[in-house]
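Here is a colleague's note to read beside the model, set out as numbered points. Please keep the sequence and the structure in view while going through them.

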Amino acid sequence: MKKRLFIGTTVTIPSSEIKKIKKDISNLDISGKWVEEENLHFTYRFLGEILSPFVPEISKNLKKSLSNIKQIEAELKGLGVFPNHKTPRVLWIGVNAPGIEVIKNAVDESLKPMGFKEENKEFIPHVTVLRIKKFRHRIKFSNYLNKMKDYLFLKTTVKEVSLIESILTSDGPVYKKLETVKLL
């Protein structure tokens, strides 16, 4: 049996902040699928479909690689989009955290013994909040993103990293933490 896995850190953003974004986005005539508040996270590495027998080894390697990594301070700040402003598909909150690359590198190192290749895409730490389905008013939206680029949603401490299973359902994904490693 296979499990759909990623390695990430869950975050709790105040509901009032999420409601503010939803109201602003609705006023801009943008719609899509909002990420449930309990599913908010940032991802260090998406692993994809992994055979269940490999999960314990991934967990063991992750614990070993992160054993000497310290907690870091993070700001969830600003809004951005993927892939670009012309055709946005994902609306996200940025993660500004000096030291996050150390965690990302430790995660990547933990996967090498299992044959995972290095990713050759830029690591942009972010929390996805909306998968955009309908989009109009490019200039108004760009102005809104510009206005929100330095908006501070939350200051937090990254205290743990989890191996998370993403169980796809008709109501959206359900996330289940399989392993959680506490940082120093």
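1. Accessible areas come from the Shrake-Rupley method with a 1.4 Å probe. On that basis the protein chain, which is a predicted model, exposes about 10,300 Å², and carbon and sulfur atoms supply 52% of this area.

2. The secondary structure of the protein chain consists of four helices and nine strands, and when the chain is read along the sequence these elements follow the pattern β-α-β-β-α-β-β-α-β-α-β-β-β. The radius of gyration is 17 Å, close to the 16 Å that the globule rule gives for 184 residues, so the chain is as compact as a globular protein of that length. The C-alpha trace spans about 50 × 35 × 30 Å along its principal axes.

3. Of the 184 residues in the protein chain, 44% are buried. Among the contacts with a separation of 6 or more, 79% are between residues that lie 24 or more positions apart. As for charge, the protein chain has 33 positive and 21 negative charges, and the mean positions of these two sets are 4 Å apart.

4. Is threonine 128 buried or exposed? Threonine 128, which has its place in strand 6 (residues 126-134), has a relative accessible area of 14%, and because buried means under 20%, this residue counts as buried. If its neighbours within four places in sequence are left aside, threonine 128 is in contact with Val35, Leu40, His41, Val90, Leu91 and Trp92.

5. Valine 102 belongs to helix 3 (residues 100-111) and, with a relative accessibility of 47%, counts as partly exposed. The C-alpha atom of valine 102 is separated by 9.8 Å from that of isoleucine 72, although these two residues are 30 residues apart along the chain.

6. A pair of aromatic rings is described by the distance of the centres and the angle of the planes. How many aromatic pairs does the count come to? The count comes to six aromatic pairs. For phenylalanine 135 and phenylalanine 141, the ring centres are 5.4 Å apart and the planes lie at 70°, so the pair is edge-to-face, given that planes over 60 degrees apart count in that way. Phenylalanine 141 is buried, at 0% relative accessibility. Elsewhere in the sequence, ring pairs link Phe42, Tyr44 and Phe123 into a cluster.

Conventions:
Residues numbered from 1 in each chain as written. Predicted model: local features only at pLDDT ≥ 70, side-chain atom pairs only at ≥ 80, totals over all residues. Heavy atoms only, no water. Helix = DSSP H or I, 4+ residues; strand = E, 2+ residues; numbered from the N terminus. Rg over C-alpha atoms; globule rule 2.2 N^0.38 Å. Buried < 20%, exposed > 50% of the residue type's maximum accessible area, 1.4 Å probe, protein only. Contact = heavy atoms within 4.5 Å. Lys, Arg positive; Asp, Glu negative; His and termini not counted. Charge placed at Lys NZ, Arg CZ, Asp CG, Glu CD. Phe/Tyr/Trp six-rings, centres within 6.5 Å; stacked < 30°, edge-to-face > 60°.
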